[in-house]
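Please load the model in your viewer and keep the sequence panel open. The stops below follow one another as selections.

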Amino acid sequence: MFDKLKKKFSDIFSGNRENGPKDSLTATRDSVAPQKEKTIRRDELESTIEETLLEADVSYDATEEIIEKLKANLGKLKRKIDYPAVEEELKSVVRDVIQHNNKDAVNLLTVEKKPFVILFLGINGTGKTTTIGKLAYYLKSNNKSVVLSASDTFRAGAIDQLNILAGNVGVEIIKHDFRSDPASVAFDAIEHAKARKMDYVLIDSAGRMQTNKNLLDEMKKIKRVAKPDMTILVLDAMIGQDVINQALTFSSEINYDGVIVTKLDTDAKGGSIISISAGIKKPILFVGIGQEMDDIIPFDVEWYLKKIFSS
Ligand SMILES: Nc1nc2c(ncn2[C@@H]2O[C@H](COP(=O)(O)OP(=O)(O)O)[C@@H](O)[C@H]2O)c(=O)[nH]1
Ligand SMILES: [Mg+2]
């Protein structure tokens, strides 16, 4: 996970840059390790880090935001800057950007409303249904009661898939027939939870292209009927740059409170988290890191920073 970005940062900040212009003065002055550079010139700094972020699949806008903030923070420092100082500043800029966008993240375990209703949106294959299974497992492991709403009635297989997950995790499920009204399934699931004083209702929905008008209307109807306490957009880290367009298209149609980023275990480059946070300016609530039911963790910026920086 994120290996390329970590390696690149580690190379830069240990002075092992392969391609950067060599500063002979700095190199010869360092008698202990003559091949390594301990400082970086201001003009090189910007291009080296910019290139690294873009190669790691960080979007152009997010990269520019980070470079501008880094330049501002390093403003008062000398013309040549120690690598550790640059690394610390870069880390703190990335932390600030993500923390700022994550400031409204709600801790699911401490919400008071009962049942707390969560609607999951996202296009086909992003990992919605799997994520609902994982979250049900996470909530159940924390002694919460959960009912799932099989509101992806668009594909026959989707109801079975959620049903199997519910069975494996050991939570209840409300399902109707294939092609039935998804909003009515959600309504029943919420009634079921209310009657039994259950803690959470997790509503699945059909994966759909963000441009499909009928399906978007159907999603809006689920939202109108279920009145979810939280709406979560599920995004696939593997999609790369297009993930931002996907998220922004959704926000122009339906309001959502935060995102879950799936498949981070397959993200070798490492930049998806920065792009998503900076690009859509909403909290990242959880991240999916594999296909097993316990492969989900509440998103923590320090966890991410540890994964991409070596110190
Ligand atoms: N490697 C990996 N695969 C995932 C993750 N989350 C979901 N998947 C896989 O993505 C595929 C699509 O998932 P699904 O939940 O059916 O997507 P949906 O169409 O949005 O409901 C399945 O093969 C899942 O196992 C994850 O965090 N890591
Ligand atoms: Mg699904």
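## Helix α11

Select S277: apart from residues within four places in sequence, S277 is in contact with V97, I98, N101, K282 and I284, where contact means heavy atoms within 4.5 Å. The model is a predicted one, in which local features need pLDDT of at least 70, side-chain atom pairs count only at pLDDT 80 or more, and totals for chains, interfaces and linings use all residues. Residues are numbered from 1 along each chain as its sequence is written, chains are lettered from A and ligands numbered from 1 in the order in which they are written, and side-chain values use heavy atoms, with hydrogens and water left out.

S277 lies in helix α11; helices (H or I, at least four residues) and strands (E, at least two) are DSSP runs, numbered from the N terminus. Is S277 buried or exposed? S277 is buried, because its relative accessible area is 0%; the cut-offs are under 20% for buried, over 50% for exposed and partly exposed in between, with a 1.4 Å probe and protein chains only.

Stay in helix α11, which covers residues 272-280, and select S275. S275 has a relative accessible area of 4% and is therefore buried. Outside its neighbours within four places in sequence, the contacts of S275 are D57, V58, S59, A62, I244 and I280.

Next, select S272, also placed in helix α11. Its relative accessibility is 8%, so S272 counts as buried. With residues up to four places away in sequence left out, S272 touches A237, L264 and D267. Add F2 to the selection: S272 and F2 are 270 residues apart in sequence, yet their C-alpha atoms are 9.2 Å apart in space.

## Strand β3 and the loop before it

Move to F116, in strand β3 (residues 116-121). F116 is buried because its relative accessible area is 8%. Which residues does F116 touch, not counting those up to four places away in sequence? They are L108, V111, D199, Y200, V201, D229 and M230. Measure from F116 to P228 as well: the C-alpha atoms are 7.7 Å apart, for a separation of 112 residues in sequence.

Step back to P115, in the loop between α5 (83-101) and β3. The peptide bond joining K114 and P115 is cis, with omega about -5°.

Most residues other than glycine have a negative phi, and most peptide bonds are trans.

## Two positive phi values

Select R179, in the loop between β5 (172-174) and α8 (182-195). R179 is not a glycine, and its phi is positive, near 75°. R179 counts as exposed because its relative accessibility is 56%.

Then select K263, in the loop between β8 (258-262) and α11. K263 has a positive phi too, about 65°, although it is not a glycine. At 26% relative accessibility, K263 therefore counts as partly exposed.

## The second largest pocket

Keep K263 selected and turn on a pocket display. The second largest pocket holds about 200 Å³ of space. Of its 13 lining residues, the closest to the centre are T130, K134, K263, G290 and Q291. A pocket here is an open set of points on a 1 Å grid over the protein atoms alone, where a 1.4 Å probe fits, with protein on both sides within 12 Å along at least five of seven lines; lining residues have an atom within 4 Å of a point. Grid points are joined across faces, edges and corners, and the volume is the space filled by probe spheres set on the points.

Which helix gives the most to this lining? Select helix α6 (residues 128-141), which supplies three residues. Colour the lining by type: two residues are nonpolar, eight polar and three charged.

Now select residues 283-296, which UniProt, in an unreviewed entry, lists as "domain: SRP54-type proteins GTP-binding". The end C-alpha atoms of that span lie 16 Å apart, and the span is 0% helix and 43% strand.

## The whole chain

Finally, clear the selection and show the chain as a cartoon. The chain has twelve helices and ten strands. Of its 311 residues, 52% are buried. Among contacts between residues at least 6 apart in sequence, 76% join residues at least 24 apart.

Technical notes:
UniProt positions renumbered as here; feature names shortened; annotations may be inferred. Nonpolar A, V, L, I, M, F, W, Y, C, P; charged D, E, K, R; others polar.
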